[in-house]
Amino acid sequence: MSGAATKTLVIYLMAGRDTPELAAAAEAGGADLVEIGFPFSDPLADGPVIRRAAERALAEGMRTRACLECLALTRARLSVPLVPMTYSSLLEAYGWERFPEDARAAGAASLIVADLPAGERPELRRVQLVAPTSTEERLRLAADQTDGWLYLVTVTGTTGARSEVSPALAGLVERARRVAAVPLYAGFGISTPEQAAAAAAIADGVVVGSRAVEVAEAGAPALERYVRSLRAALDSNTS
Amino acid sequence: MSYGEYGGRYVPETLIPALDELEAGWREAKGDPDFAAELDRLGREYAGRPTPLTLAERFAPGKRLYLKREDLLHTGAHKLNNALGQAVLARRLGKTRIIAETGAGQHGVATATVCARFGLECVVYMGAEDMRRQHPNVERMGLLGAEVRPVEFGTKTLKEATSEAIRDWITNVETTHYLIGSCVGPEPYPEIVRDLQSVLGREARAQVLEAEGRLPDAAIACVGGGSNAIGMFAGFLDDHEVRLYGVEAAGAASLGAGRAGVLHGARSSLLADEDGQILDADSISAGLDYPGVGPEHAQLRDSGRVTYLSATDDEALAAFGRLAETEGIIPALEPAHALARAGKLDGDVIVVCLSGRGDKDLDQVLARR
């Protein structure tokens, strides 16, 4: 990339008691945006790490109202944008219109719904996801409907760490660039600073979820150190 | 959505192109006389269609109660109708690997069977709790060359097995066909499974007409995900004088006690709490132990065309024993729920879908005696 454009670092955390403190640590470490998972009992897009985190969160009582309170508490401590990530069942139960309204009131900048593909419920403004399997037509639909940025699912698979950056990412970025005027952030399977740097070399930013959730279990200082290492990798890339 | 306010495709984007491909492949197959001829031939020569219709005079004295004998189908349950059809479809789509979920193990056995028949790789996801209570079927799948992957988290039953199968499909979608076992899941699955199971309803209708010279007063079937019921109902939906009944397990009454929600790719009626978190179902029958149901059943409930009842574990066990003792037929615990309600229905001529045989359930039943 020419011009040293700063790459965006997105960190995913599961909603819970410690989330405001953890999110603040992520921001201190250099996160530009924090996704907050609202847990669902049957998360189809998630691998074992986030699925287990969701089970724990639900066991602690992190239902929709508690998650919205968590979002508001986190909002009070951070200046970067916050985006809830969840599943359709929660919106169905809470209300498809009321959910985004109340999330926005609690400080959400947008919304991600992992099992609501582009085209379904177009009236719901949200960050759309595209995948290596998406056709040109679907890339265009997602790009047209997305809210602010496009979430590139780098792998054909669920969330969780992989040994290397998906070879499918480069092709997906190239195809998405042709139809999208918004920034492209790559997620799923990115866990190390090296992978973050490699993905950010072609995309406009990266999303780190499962590994961040794991590191967060060791507490806010550990998370801040980890996020700082990702930040450093992204910044050295573009300098 | 296809079924009024129910159905849809609530799945990650990764699967959408595969669902489009599946839908196009299904439309093409449905319009192809060779596909129908191949299914018809497999049904007759391999599966044992048509299955008989048996009058159960001692089970229901004073009524003309007929059993549609899907228990006599190869592998012992109606599940083979769907597995055969989807396997032929998967081959048309060029898929070499098949995955499936199973609860009672009947769909897993049917899938393992058709994969052996066609030389396809087969992986079946099954909850660890179901593997324990349906152990004979686990052994059968192994003998048929399938790999059974235990699902050790959550409820360790059909709900989690289905989620894991969908995660596998998300990961291997380019080579793999997900052979879903019931009329659930994202579109076009509910329609594919209904169409493939409708053979039993069409046969039952013709057989009752042949035996009685008229249509039945009522048809009744058990409902978990709802595939044998939707197949039976498909034969009679246009016959408005035929009353239709579905019977859920009392501890898994997605239609009777559920609310609108989203699970496994479709909007339907579910056992869920007020926050949309899916609740555990609880039934002695592994095949009915599922908190969701096919979206078409939710629509048929709302429209009033089908009446949904429930039966408790004890009622199903009593009907199980009674059919064995009065007719010499050991039913699966799933259709035992339908049998528990069938004798009490108004009307003289009744058709019950006896969706499977009970060998797999002997340990369960004997343990409760």
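Which residue of β4(B) is the bridge partner of B:E101? It's B:Y125, and that pairing is a handy way into this predicted model.

## Strand β4 of chain B and its neighbours

Let's start with β3(B), which covers residues 97-102. This strand lines up with β4(B) in the parallel sense, and six bridges hold the pairing. The B:E101 and B:Y125 match belongs to this part of the story.

Now turn to β5(B), residues 147-151. Five bridges link β5(B) to β4(B), and these two strands also run parallel. B:Y125 shows up again here, with B:R149 as its bridge partner in β5(B). So B:Y125 has a bridge partner in the one pairing, B:E101, and another in the next, B:R149.

## The crossover and the burial

How do you get from β3(B) to β4(B)? Helix α4 of chain B, residues 106-118, joins them in a β-α-β unit, and that unit is right-handed.

Why is β4(B) largely enclosed by the rest of the structure? The strand spans residues 121-127, and six of its seven residues are buried, so there's the reason.

## Where the chains meet

Chain A puts 30 residues in contact with 28 residues of chain B. On the chain A side, the elements giving two or more residues are α4 (88-94) and β5 (129-130). Of these, α4(A) gives the most, with five residues.

What's the mix by class on that side of chain A? You'll find 14 nonpolar residues, ten polar ones and six charged ones.

Notes
Residues numbered from 1 in each chain as written. Chains lettered and ligands numbered in written order. Predicted model: local features only at pLDDT ≥ 70, side-chain atom pairs only at ≥ 80, totals over all residues. Buried ≥ 20, exposed ≤ 12 C-beta atoms within 10 Å, placed from the backbone. Helix = DSSP H or I, 4+ residues; strand = E, 2+ residues; numbered from the N terminus. Pairing = 2+ DSSP bridges. Right-handed = clockwise from strand over helix to strand, strands pointing away. Contact = placed C-beta atoms within 7 Å. Nonpolar A, V, L, I, M, F, W, Y, C, P; charged D, E, K, R; others polar.
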